[in-house]
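Okay everyone, thanks for coming. I'll walk you through one structure today, chain by chain, and then we'll look at how the parts meet.

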Amino acid sequence: MSLAKITRIPGRALAVPGDDIDTDRIIPARFLRCVTFDGLGEHAFRDERFTPEGVAREHPMNRPDAREASILVSGQNFGCGSSREHAPQSLWRFGFKAIIAGSFAEIFFGNSTGIGVPCVTLGPGDLAALTAWVQANPAGEVAVDLEAMTVSAGGKVMRAAMPDSARSSLTAGKWDSIADLLEGGAETGRVAKTLPYVA
Amino acid sequence: MAKTLFQKVWDAHAVRLLPNGQTQLFIGTHLIHEVTSPQAFGMIRDLGLKVRYPHRTFATVDHIVPTNELREPYSDPIAQEMIEALRKNTRDHGIRFFDTNTGAQGIVHMVGPEQGITQPGTTIACGDSHTATHGAFGAIAFGIGTTQVRDVLATQTLALSPLKVRRIEVNGALAPGVYAKDVILHIIRLLGVNGGLGYAYEYAGSTFDNFSLEERMTVCNMSIEGGARCGYVNPDQKTFDYLKGRPHAPKAAEWDAAVARWRSFASDPGCAYDDIVRIDAASIRPTVTWGITPGQAIFIDEAMPVPATLKDGDRATAEEAYRHMKLAPGLPIKGTKVDVAFLGSCTNGRISDLREVARHLKGRKVKAGLKAIVVPGSQITAAQAEKEGLAEVFRDAGFEWRGAGCSMCLAMNPDKLVGDQLCASSSNRNFKGRQGSITGRTVLMSPLMVAAAAITGEVADAREVFGIR
């Protein structure tokens with residue numbers, strides 16, 4: 001299986017500020033009534049973007065050019081709550097190829113990087129500055145660089161962070177775990193034999 | 001060297017180090033349900049892979065099942081499609097499915113323990129964030145996404161990084177009317193909704209020693225609400241007694257060896273922890289949430305916090321919470337009008353929860369105009385409650401007695417809040433929109449507090465309502 005090496009994500013960014021944005025908000029449970037991930041992009045942040053009657057609210061993701069953005073910027077503990085992979089799937093299908101936040105909930109982080117969507121963190125000062133810059137310059141270019149581990153925007157280069165295991169998997173084009181796991185098949189069988197409840 | 005249970009289980013299941021520095025970890029038990037598995041089966045089909053250890057995956061259906069409609073096809077065609085996809089996938093791959101006609105269907109985190117599938121010293125994974133529930137048995141249990149469900153189906157392993165271990169020690173006796181639910185809400189309030197990031201929580205101390213397995217499950221269940229992917233309690237005699245005789249527990253000839261092995265996984269005295277937190281059980285009072293995260297919680301007799309007095313990072317979320325909840329800072333939450341009472345979920349839908357509530361509810365009535373539903377977490381629990389006459393107590397009081405499932409915890413089935421109804425709920429999440437209405441409001445609390453709310457029609461102190469001293 002050959003995957004793209006994900007080293008640098010340039011593009012427009014869009015800020016959805018706030019802390020503790022949970023996966024129920026990113027993709028409400030009613031959209032989990034499905035057997036494929038197709039079409040989830042339409043429903044990302046659905047209830048933040050539309051009233052129950054379907055009227056569009058004021059929301060950055062409702063701007064006419066929102067789907068041209070490839071980087072999402074948010075706050076602390078992004079993606080907390082439910083383990084639904086539907087959340088990163090919906091963001092990716094909406095158009096986001098990278099996410100910048102103050103911190104990420106663990107399951108969301110693994111679900112995102114596992115489908116090739118890097119999640120990098122910035123310190124509080126840089127995150128606030130980036131959020132303000134993105135809001136003021138919606139068409140401006142932002143870049144997430146996974147080799148230099150930086151986020152750049154408006155001529156400013158900020159130090160970003162991401163656990164090295166996920167970072168190196170993305171830059172090496174090995175972010176989908178299945179190939180590595182299959183390769184350990186024989187050793188897996190040996191471990192299974194040592195576990196009485198499995199054998 | 002002295003080790004924690006987490007370290008011992010990890011070491012026993014480590015297959016190899018992966019090129020990116022993560023560990024390939026063997027997953028002994030895989031639990032699946034209808035919401036997060038169909039795409040994973042699709043992926044293994046597309047890749048031409050098979051299920052590697054079909055006898056180590058167990059399935060049930062819980063999220064989408066209606067609780068007041070037994071006959072199929074269900075009125076929701078998508079729910080029907082999802083249950084049928086799971087039937088086909090489990091049949092095609094030879095996976096045991098606790099379907100609705102088995103008498104053993106229920107919320108996946110109740111089925112594992114009831115069947116004796118959940119065992120100490122094992123690794124468990126499930127495409128559901130409340131998988132830490134199984135940690136109550138001294139298992140290391142991970143909530144995972146769908147791509148990882150694929151990984152477990154195809155390889156019985158996951159690529160994971162080890163976690164740090166924080167011991168949360170609660171000592172002493174809980175005051176009457178204070179329950180395991182109050183303990184975990186209090187822990188999350190103290191440590192924050194992201195305080196557990198990067199940690200497994202080891203719950204310990206005399207309070208946990210005295211807890212039943214069901215109470216331990218309530219606490220472990222909500223670990224993820226505190227940011228911790230795993231939570232566990234060291235296995236002890238109570239654990240073994242709970243498992244003995246269950247369908248998937250080791251049989252007579254293997255029992256003693258299994259118990260000895262299980263016991264050996266408990267954290268060693270003197271092992272090192274990355275962090276230790278100590279809480280005095282006597283300091284905990286009945287706890288309720290007032291906001292839109294499980295950490296936004298107060299004791300029932302406290303006033304809701306004024307945002308200006310909160311830490312910088314908490315202020316904006318608090319203001320957003322007040323707007324959504326239509327509540328006012330500085331006021332008591334007690335006395336807030338309640339529209340719906342929901343008793344159930346993988347946090348508090350067990351037989352001991354139903355027994356405790358029924359014991360106090362007998363002879364009382366749900367407030368006129370209030371919708372109150374009881375959703376036993378599993379068919380086995382429902383049948384037991386019927387047998388003990390608990391169901392009748394609930395019906396007599398004016399509760400709707402429903403079939404087993406996740407129901408209004410996340411409202412993927414027809415059980416939903418309407419408009420800005422406020423729900424007194426024994427579930428685990430008070431996120432905006434969580435219970436099926438965008439403007440719906442959730443106040444999390446213990447099962448007995450839900451009953452107190454149902455009777456009085458407002459957020460109430462169960463100790464006062466039921467005369468508990």
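Let's begin with chain B, where buried residues make up 61% of the 469 residues. Keep in mind that what you see is a predicted model. For chain B the pLDDT averages 98, and 100% of the residues score at least 70. The scores for the model are ipTM 0.97 and pTM 0.98.

So what is chain B built from? There are 17 helices and 19 strands in it. Its radius of gyration is 21 Å, and the globule rule gives 23 Å for 469 residues; those values are close, so chain B is as compact as a globular protein of that length. If you lay the C-alpha trace of chain B along its principal axes, the spans come out at about 55 × 55 × 45 Å. And take the contacts in chain B with a separation of 6 or more: 76% of those are between residues 24 or more positions apart.

Now, the domains. The domain assignment splits chain B into domain 1, residues 6–264, and domain 2, residues 286–465. Taken over C-alpha atoms, the centres of these two domains of chain B are 24 Å apart. How many residues of domain 1 of chain B are in contact with domain 2? The count is 38, and they meet 36 residues of domain 2 of chain B. On the domain 1 side of chain B, the elements giving two or more residues are helix H4 (108–115), helix H6 (180–191) and H8. H6(B) gives the most to that side, with six residues. By class, that same side of domain 1 of chain B has 15 nonpolar, 15 polar and eight charged residues.

Let me stay with H8 of chain B for a second. Why do we say this helix, residues 213–221, is largely enclosed by the rest of the structure? Because eight of its nine residues are buried. Among the buried ones in H8(B) are B:Leu213, B:Glu215, B:Arg216 and B:Met217.

One local detail in chain B before we move on. The peptide bond from B:Glu72 to B:Pro73 is cis, with omega near 0°. You'll find B:Pro73 in the loop between strand S4 (57–60) and H3 of chain B.

Right, chain A. Its secondary structure comes to eight helices and seven strands. Buried residues make up 48% of its 199 residues. A compact globule with 199 residues would have a radius of gyration near 16 Å, and the 18 Å of chain A agrees with that. Along the principal axes, the C-alpha trace of chain A spans about 60 × 45 × 30 Å.

Chain A has two residues I'd like you to look at in the backbone. In A:Phe45, phi is near 55°, a positive value in a residue other than glycine. A:Phe45 sits in the loop between helix H1 (23–26) and helix H2 (46–49) of chain A. Is A:Phe45 buried or exposed? It has 22 C-beta neighbours inside 10 Å, so it counts as buried. Then there's A:Met149, with phi near 50°, which is again positive in a residue other than glycine. A:Met149 is in the loop between strand S5 (141–145) and strand S6 (150–153) of chain A. With 15 C-beta neighbours inside 10 Å, A:Met149 counts as partly exposed.

Next, how do the two chains meet? The contact takes 61 residues from chain B and 53 residues from chain A. On the chain B side, the elements that give two or more residues include strand S1 (14–17), helix H3 (77–93) and helix H5 (146–155). H5(B) has the largest share of that side, seven residues. The residues on the chain B side divide into 22 nonpolar, 28 polar and eleven charged.

Last stop, the inside. In soluble globular proteins, nonpolar side chains tend to be buried together. Here, the largest nonpolar core has 207 residues, and those with the most contacts inside it are A:Ile71, A:Ile100, B:Val288 and B:Ala424. Helix H16 of chain B, residues 447–456, gives the most to this core, with eight residues. The core also draws at least three residues from each of domain 1 and domain 2 of chain B. As for A:Ile71, leaving aside its neighbours within four places in sequence, its contacts include A:Ile9, A:Phe96, A:Ile100 and A:Val144.

That's my tour, so over to you for questions.

How values were computed
Residues are numbered from 1 along each chain as its sequence is written. Chains are lettered from A and ligands numbered from 1 in the order in which they are written. This is a predicted model: local features need pLDDT of at least 70, side-chain atom pairs count only at pLDDT 80 or more; totals for chains, interfaces and linings use all residues. A residue is buried if 20 or more other C-beta atoms lie within 10 Å of its own, exposed if 12 or fewer, and partly exposed in between; C-beta atoms are placed from the backbone. Helices (H or I, at least four residues) and strands (E, at least two) are DSSP runs, numbered from the N terminus. Domain bounds come from an automatic or database domain assignment. Two residues are in contact if their C-beta atoms, placed from the backbone, lie within 7 Å. Ala, Val, Leu, Ile, Met, Phe, Trp, Tyr, Cys and Pro count as nonpolar, Asp, Glu, Lys and Arg as charged, and the others, Gly among them, as polar. The radius of gyration is taken over C-alpha atoms; the globule rule is 2.2 Å times the number of residues to the power 0.38. A nonpolar core is a set of buried Ala, Val, Leu, Ile, Met, Phe, Trp, Tyr and Cys residues joined through C-beta atoms within 7 Å. pLDDT is the predictor's confidence in each residue, from 0 to 100.
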